[in-house]
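Subject: Structure handover

Hello,

Please find the structure below, with the sequence alongside. My notes on what was found in it come after.

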Amino acid sequence: MKTALTADGRAIEASANAPPEAICPYCQAVVTLRSRKLMGNGGKTYYWRHQQNSKLQCVKRARIRG
């Protein structure tokens with residue numbers, strides 16, 4: 001996800017100068033800052049990922065099956 005919350009409830013976007021941990025705005029769980037190298041220009045993109053990735057049932061991560 002691109003946006004998370006700080007400990008005092010402010011929205012923070014994932015970037016190089018963001019804190020290493022924040023809070024998910026949907027399930028209030030801890031998320032960690034991750035980065036991925038871009039193929040085209042060698043830069044980086046940043047995103048928030050749930051710390052308990054495999055065990056967490058966040059409404060944002062739920063997939064619709066049909």
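The chain has 5 strands and 0 helices. Read from the N terminus, the order of elements is β-β-β-β-β. Please keep in mind that this is a predicted model.

Some totals for the chain come before the details. The chain has 66 residues, and 21% of them count as buried. Its accessible surface is about 5200 Å², and carbon and sulfur atoms make up 49% of that area. Among contacts in the chain with a separation of 6 or more, 30% are between residues 24 or more positions apart.

Strands β3, β4 and β5

Strand β3 covers residues 21–23, and strand β4 covers residues 30–37. These two strands pair in the antiparallel sense, with 3 bridges between them. One of the pairs is E21 with T32, the latter in β4. Together β3 and β4 make a hairpin, with 6 residues between the strands.

Q28 sits in the loop of that hairpin, between β3 and β4. Its phi is positive, near 65°, and Q28 is not a glycine. Is Q28 buried or exposed? Its relative accessible area is 52%, so Q28 counts as exposed.

Strand β4 also pairs on to β5, which covers residues 44–50; the two run antiparallel and are joined by 7 bridges. K37 has K44 in β5 as its bridge partner, and L33 has W48 in β5. This is a hairpin as well, again with 6 residues between the strands. In its turn, G42 has a positive phi of about 75°.

Two residues in the strands

T32 belongs to β4. Which residues does T32 touch, not counting those up to four places away in sequence? They are P20, E21, Y47, W48, R49 and Q51. E21, on that list, is also the bridge partner of T32. T32 has a relative accessible area of 18%, and because the limit for buried is under 20%, T32 counts as buried.

I23 belongs to β3. With neighbours within four places in sequence left aside, I23 is in contact with A4, L5, T6, A7, Q28, A29 and V31. Q28, the loop residue with the positive phi, is therefore one of the contacts of I23. The relative accessibility of I23 is 24%, so I23 counts as partly exposed. I23 and W48 are 25 residues apart in sequence, and their C-alpha atoms are 9.2 Å apart in space.

The nonpolar core

Nonpolar side chains tend to be buried together in soluble globular proteins. In this model, the largest nonpolar core has 9 residues: A4, I12, A14, A18, A22, C24, V31, W48 and C58. Which residues is A4 in contact with, leaving aside its neighbours within four places in sequence? The contacts of A4 are R10, A11, I12, A22, I23, P25, V31 and W48. Among these, I12, A22, V31 and W48 are also members of the core.

Cysteines

How many disulfides does the structure hold? The count is 0. A disulfide is a covalent bond between the sulfur atoms of two cysteines. Why does C24 not form one? The cysteine sulfur closest to that of C24 is in C27, at 3.7 Å, which is too far for a bond. The cut-off used for a disulfide is 2.5 Å. C24, a member of the core, is buried because its relative accessibility is 0%. C27 has a relative accessibility of 26%, so C27 counts as partly exposed.

The salt bridge

Side chains of opposite charge can pair when their charged atoms come close. The structure holds 1 salt bridge. This salt bridge joins the side chains of D8 and R10, with 3.1 Å from N to O. Are these two residues buried or exposed? D8 has a relative accessible area of 55%, so D8 is exposed. R10 counts as exposed because its relative accessibility is 55%. R10 also appears among the contacts of A4.

When you open the model, the two hairpins are a plain place to start: β3 with β4, then β4 with β5. After that, look for W48, which is the bridge partner of L33, a contact of T32 and a member of the nonpolar core.

Regards

Note on methods
Residues numbered from 1 in each chain as written. Predicted model: local features only at pLDDT ≥ 70, side-chain atom pairs only at ≥ 80, totals over all residues. Heavy atoms only, no water. Helix = DSSP H or I, 4+ residues; strand = E, 2+ residues; numbered from the N terminus. Buried < 20%, exposed > 50% of the residue type's maximum accessible area, 1.4 Å probe, protein only. Contact = heavy atoms within 4.5 Å. Pairing = 2+ DSSP bridges. Areas by Shrake-Rupley, 256 points an atom, 1.4 Å probe, with all protein chains shown as cover. Core = buried A, V, L, I, M, F, W, Y, C linked by side-chain atoms within 4.5 Å. Salt bridge = Lys/Arg side-chain N within 4 Å of Asp/Glu carboxyl O.
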